[in-house]
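Reader: I would like a close look at one part of this model, namely the surroundings of a single pair of facing residues. Please begin with that pair and work outward from there.

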2 protein chains.
Amino acid sequence: MTIDLAQLPKYYFHIFVFCVSTSLKYLYFALLSGPSSFSLRSHTCGELRSHHVGHRVILCGWAQYLRQDLFVILRDFSGLTQVLIPQEESASHLKAVLSELTAESVIKVTGTVRRRPAGQENKEMPTGEIEVITEDVEVFNVCCKLPFEIKDFVKKSESLRMQYRYLDLRSSQMQKNLRLRSQLVMKMREYLCNVQGFVDVETPTLFKRTPGGAKEFVVPSREPGLFFSLPQSPQQFKQLLMVAGIDRYFQVARCYRDEGSKPDRQPEFTQVDIEMSFVDQTGIMSLVEGMLQHSWPAEKGSIKVPFQTMTYEVAMRDYGVDKPDLRFNMKLIDITEIFTVEVEFLRSALSQPGGSIQAICVPSGAKLFTRKDLEELKQTANTQFGQELSVILFKEDGTLKSALKKLLCSSSAEELLNRTQAKPGDLLLMAAGPLHTVRPLLGKLRLRCAELLESCGVSLRDPSAFHFLWVVDFPLFLPKEDEPEQLESAHHPFTAALLEDAHLLYTEPHKVRGQHYDLVLNGCEIGGGSIRIHKASEQLHVLKNILKEDPSLLSHLLEALDSGAPPHGGIALGLDRLTSIIVGADSIRDVIAFPKSFRGRDIMSRAPDTVSEEELKPYHISVRWPTEGGEEGK
Amino acid sequence: MTIDLAQLPKYYFHIFVFCVSTSLKYLYFALLSGPSSFSLRSHTCGELRSHHVGHRVILCGWAQYLRQDLFVILRDFSGLTQVLIPQEESASHLKAVLSELTAESVIKVTGTVRRRPAGQENKEMPTGEIEVITEDVEVFNVCCKLPFEIKDFVKKSESLRMQYRYLDLRSSQMQKNLRLRSQLVMKMREYLCNVQGFVDVETPTLFKRTPGGAKEFVVPSREPGLFFSLPQSPQQFKQLLMVAGIDRYFQVARCYRDEGSKPDRQPEFTQVDIEMSFVDQTGIMSLVEGMLQHSWPAEKGSIKVPFQTMTYEVAMRDYGVDKPDLRFNMKLIDITEIFTVEVEFLRSALSQPGGSIQAICVPSGAKLFTRKDLEELKQTANTQFGQELSVILFKEDGTLKSALKKLLCSSSAEELLNRTQAKPGDLLLMAAGPLHTVRPLLGKLRLRCAELLESCGVSLRDPSAFHFLWVVDFPLFLPKEDEPEQLESAHHPFTAALLEDAHLLYTEPHKVRGQHYDLVLNGCEIGGGSIRIHKASEQLHVLKNILKEDPSLLSHLLEALDSGAPPHGGIALGLDRLTSIIVGADSIRDVIAFPKSFRGRDIMSRAPDTVSEEELKPYHISVRWPTEGGEEGK
């Protein structure tokens with residue numbers, strides 16, 4: 001039959017075109033886009049609803065479990081569908097196959113969607129209104145006995161999870177975490193690349209050791225005695241890209257840090273690495289705020305910009321730490337003045353340089369903390385900071401209980417309660433000594449007290465709240481721990497001084513603050529960056545005269561700065577950490593597909609592993625086996 | 001002044017709202033998006049047009065050159081703007097600063113856009129209608145003397161380009177290449193992630209040595225004798241992600257291959273790595289076609305899908321290579337039959353197993369090739385393939401010129417010309433011997449002849465054409481070169497057999513074809529992939545019985561396949577190679593920001609570099625210095 005289109009009324013023709021184009025569009029979406037495109041399935045296990053009733057569908061997935069020999073619950077990444085095992089004699093072969101299925105076997109089911117019989121709907125299940133009547137089944141793979149069941153309520157040990165990571169990743173939480181991470185990064189890229197004109201540039205990971213790069217893995221080359229190094233960040237490359245006129249660079253960069261075994265640190269990690277030319281500190285901060293706002297997962301609520309900003313000085317003064325958790329109060333309070341005369345042992349602490357007395361008031365701490373809790377706090381002060389901690393319980397009857405009590409006159413006690421705004425039931429923690437010790441000490445105890453209060457059922461920190469904070473005006477240099485008369489970079493040697501402090505670089509470098517900014521989320525540092533030095537002479541002065549380092553190791557960078565370097569700055573965000581906070585995971589291992597164990601090993605594949613001497617030959621290295629009691633074994 | 005909105009006529013109110021919202025939108029785009037957001041500049045150097053006349057602008061960039069002491073040509077990544085050096089007495093300080101600028105110094109210019117005086121417009125320059133009158137200038141950095149000028153017409157040696165890569169990247173070509181690469185990857189990601197529901201998952205690069213991974217860099221760990229390995233691809237991880245139910249994975253993955261020094265190979269490279277569950281070969285092929293179509297740069301024209309498909313057998317038969325360049329013809333022609341009796345030395349070649357005579361006809365080759373060209377072709381055959389090459393010139397007068405001529409009877413000669421469809425002026429190249437030698441030989445000479453013809457001015461291959469080709473039905477195993485009775489994987493041991501060949505795995509494995517597919521673009525392999533074995537028993541059989549490898553090294557993968565592995569497959573595209581073909585670069589180094597030299601070194605920073613014995617101690621390795629004439633020095 002042929003249709004002469006010209007003879008059809010125009011109206012019909014339009015309908016015809018509409019129908020064809022709609023069908024083609026439908027076909028396009030069904031076949032060429034979406035989660036089932038190019039696939040053996042027609043639908044995912046999570047998408048069938050009552051409007052699919054009567055449709056013939058093909059589902060592929062894992063047999064989550066069999067129910068009453070009547071149903072197979074079929075699972076894929078998107079959810080579950082109830083598949084009916086036919087009971088008729090004529091379909092006995094299907095029944096035989098399905099009833100024999102072990103859990104986690106992989107099958108393809110062809111069938112028709114039907115509404116579940118009245119009363120059998122499952123409102124908890126997104127596909128709970130329907131079920132699929134099996135017409136055909138193909139078993140792709142039969143699953144052996146597994147070391148643990150794939151059910152969300154089954155708790156597994158960390159080492160089992162790591163050894164059978166491919167099973168652990170089947171849990172709905174890990175599926176959610178990895179998918180959220182993928183989406184988050186995608187939206188960051190869209191913002192940087194499509195909205196703000198950034199260029200995604202890949203930089204090498206086989207690089208050379210940077211000065212002081214003690215934590216860099218070495219990679220032997222085929223040339224005797226020559227090694228590559230796996231860099232801790234693309235810092236030098238991104239600055240060189242600015243000198244190269246790339247203008248706006250970003251990279252989701254793999255970085256490496258060999259810290260031996262530290263819990264919750266990974267030897268390889270990922271940072272969202274950004275650098276811009278012709279920008280100042282506020283520019284970078286606004287960009288990051290815009291990026292996080294743009295990419296923030298909708299289901300986690302929205303975030304407000306601009307973020308709060310705090311100087312390093314204020315952060316240390318009020319919270320005893322440079323990454324304060326502002327979701328709760330309990331600030332440090334300077335109570336030095338109250339004790340200037342009164343108490344002998346406190347006065348001696350005050351006579352030290354930077355001597356001070358600081359306190360925090362823990363609401364309801366006197367009421368809620370046990371004797372053991374208080375002992376633990378004192379212990380921490382003692383072992384980790386070498387400090388005595390004074391504890392004052394403000395009893396609910398209004399009396400004070402403390403070893404200090406008899407040393408305090410009543411007016412001082414009153415002044416103390418007044419200054420700390422303590423209420424009956426509260427706990428005061430006090431420490432006396434140099435500021436650089438007592439602040440970090442109380443900063444640490446503040447966090448521990450928050451945990452203790454929460455374990456007593458006090459809701460102190462909203463787990464669904466996201467509190468961002470910029471910390472700025474960091475010191476540019478710090479005294480070296482082992483040689484305090486010598487300075488080292490607080491962050492790295494490429495950070496520029498605050499404009500108003502720049503002249504001090506040549507006179508009192510220890511007083512210089514840097515154009516460095518840290519981004520803190522709920523008390524975790526999730527990023528840091530700076531405006532960089534863009535003049536070779538300044539960079540040389542910092543390296544050579546202040547840090548006493550050999551500038552020849554960075555001669556390529558110095559030369560580059562002299563070849564027309566624009567003012568530039570940037571930031572790096574720790575993607576693993578950020579994602580783990582967003583999803584509320586305890587460990588960054590929960591947002592990494594194949595993490596190393598806390599000892600830095602891949603338990604699944606057993607890496608690192610031995611390599612034969614023969615295989616090491618091309619690299620001109622040999623293993624120095626530790627001798628008994630010798631140096632090597634350390 | 002306060003405005004009572006309610007008293008304004010509604011019309012005015014609407015206009016007011018419109019104006020405010022438009023202004024805000026303008027402000028948003030000016031300040032919060034686009035290439036000048038968050039920046040010290042108001043516009044880029046490439047964007048000013050006549051409609052900007054009268055605007056006050058701030059430009060930042062590099063002084064490309066000074067012209068007649070009247071103009072500074074200011075450059076950034078986006079283009080050039082002519083900046084007027086003021087000549088008035090009152091602005092003598094500006095004149096002094098600008099006239100003294102060295103080329104490539106970095107400045108900020110504040111000024112007003114004006115139309116260039118009539119007759120001074122530059123139509124070659126996108127901003128050629130306007131110029132900027134300087135009102136203020138700030139010098140960010142003065143540029144020292146450079147090793148070469150930043151002008152596109154200045155040719156630099158490869159080693160200078162590598163040593164001063166940050167200058168080389170300022171060239172408009174390198175800027176274009178890196179930006180095109182960034183866009184290309186971004187669009188691929190959008191297609192995979194947003195259109196097709198793929199999940200971007202990062203996999204570890206500190207892994208363990210894979211069986212036969214002789215080209216893997218080793219990374220010593222802090223545990224004596226234990227090494228990580230930098231993997232050549234995320235192959236195992238992506239398969240494990242399918243077992244984990246991720247369903248659709250992709251990653252723009254950094255991979256490593258230590259091949260010593262090979263020209264145009266990089267020790268680290270990037271592949272677009274894709275894996276899908278519940279898919280067959282056509283599914284992956286359609287996905288890749290869709291992705292390339294979606295991400296193809298608009299300025300390079302569009303590409304047609306589906307791509308042409310050819311079996312390995314046909315590719316080898318017709319083009320002598322498994323990655324044929326189909327932009328030109330010159331197919332291999334089997335002329336064995338013509339010579340079955342006639343010529344003695346040919347007959348002896350034919351008596352070998354797989355013996356055959358093959359020819360190609362080079363159009364106009366007899367006319368255009370010099371004696372030297374012909375010598376070179378013969379030389380190649382001899383040195384690289386150990387083969388004699390017979391050359392027949394079909395002179396324009398219709399006569400044949402060849403050492404063979406006297407051995408050929410006229411009917412054979414006629415048959416030869418007929419079979420090869422040679423025309424007067426053409427050149428015939430003939431080789432006799434086993435197929436596995438003569439095909440690759442003539443495949444190679446075919447490409448060389450194309451180059452020679454093009455150097456003679458024949459336009460054979462359209463440089464702006466992109467010819468994609470799928471090559472399929474590869475043999476699954478090949479005889480090992482050094483032990484031909486032993487088989488090795490043609491690609492890797494995880495590739496599944498073609499369904500119709502699967503039974504041969506247990507009887508005649510050398511006859512099995514694999515579900516492997518290569519993607520070829522203009523004669524370069526830009527990707528390869530396969531449907532994988534998803535049954536543990538089959539994988540074990542391949543590893544143990546066919547490849548004679550120790551399956552315990554892959555026990556984690558075998559266990560995973562037994563834990564409910566879905567059918568799955570994937571592909572990896574070489575991003576560096578693909579990008580270099582799209583931009584028409586000679587080398588992949590032209591699409592990589594900081595490539596290694598052809599000897600595998602970073603010439604700019606001098607990597608690899610020495611590392612002290614002290615620094616190697618934590619890794620329990622020491623350098624085996626080569627002894628004179630000893631083994632180590634190799």
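Author: In this predicted model, A:Arg114 stands opposite A:Glu131, which belongs to strand E5 of chain A. Helix H2 of chain A, made up of residues 92–99, packs on the sheet and touches strand E1 (56–67), strand E2 (71–76), E4 and E5 of chain A, and the direction of the helix makes about 70° with that of E5(A). The two strands E4, residues 106–115, and E5, residues 130–141, both of chain A, pair with each other in the antiparallel sense, and 10 bridges join them. Taken as a whole, the sheet is a closed barrel of five strands in chain A, with the order E1-E2-E3-E5-E4 and with mixed pairing. Within this sheet, neighbouring strands are turned against each other by 55° on average, when direction is ignored.

Going outward to the whole chain, the domain assignment divides chain A into domain 1 (50–141), domain 2 (175–311 + 467–613) and domain 3 (328–455). The centres of domain 1 and domain 3 of chain A, taken over C-alpha atoms, are separated by 63 Å.

For a second site, in chain B, one may turn to B:Phe394, which lies in strand E14 of that chain, residues 390–394. B:Phe394 counts as buried because its relative accessibility is 8%, where the cut-off is under 20%. Leaving aside residues up to four places away in sequence, the contacts of B:Phe394 include B:Ala366, B:Leu400, B:Leu417 and B:Pro424. B:Pro424 is 30 residues apart from B:Phe394 in sequence, while their C-alpha atoms are 5.3 Å apart in space.

Terms used: Residues numbered from 1 in each chain as written. Chains lettered and ligands numbered in written order. Predicted model: local features only at pLDDT ≥ 70, side-chain atom pairs only at ≥ 80, totals over all residues. Heavy atoms only, no water. Pairing = 2+ DSSP bridges. Helix = DSSP H or I, 4+ residues; strand = E, 2+ residues; numbered from the N terminus. Axes fitted to C-alpha atoms, helices over the stretch in contact; angles between N-to-C directions. Contact = heavy atoms within 4.5 Å. Buried < 20%, exposed > 50% of the residue type's maximum accessible area, 1.4 Å probe, protein only. Domains from an automatic or database assignment.
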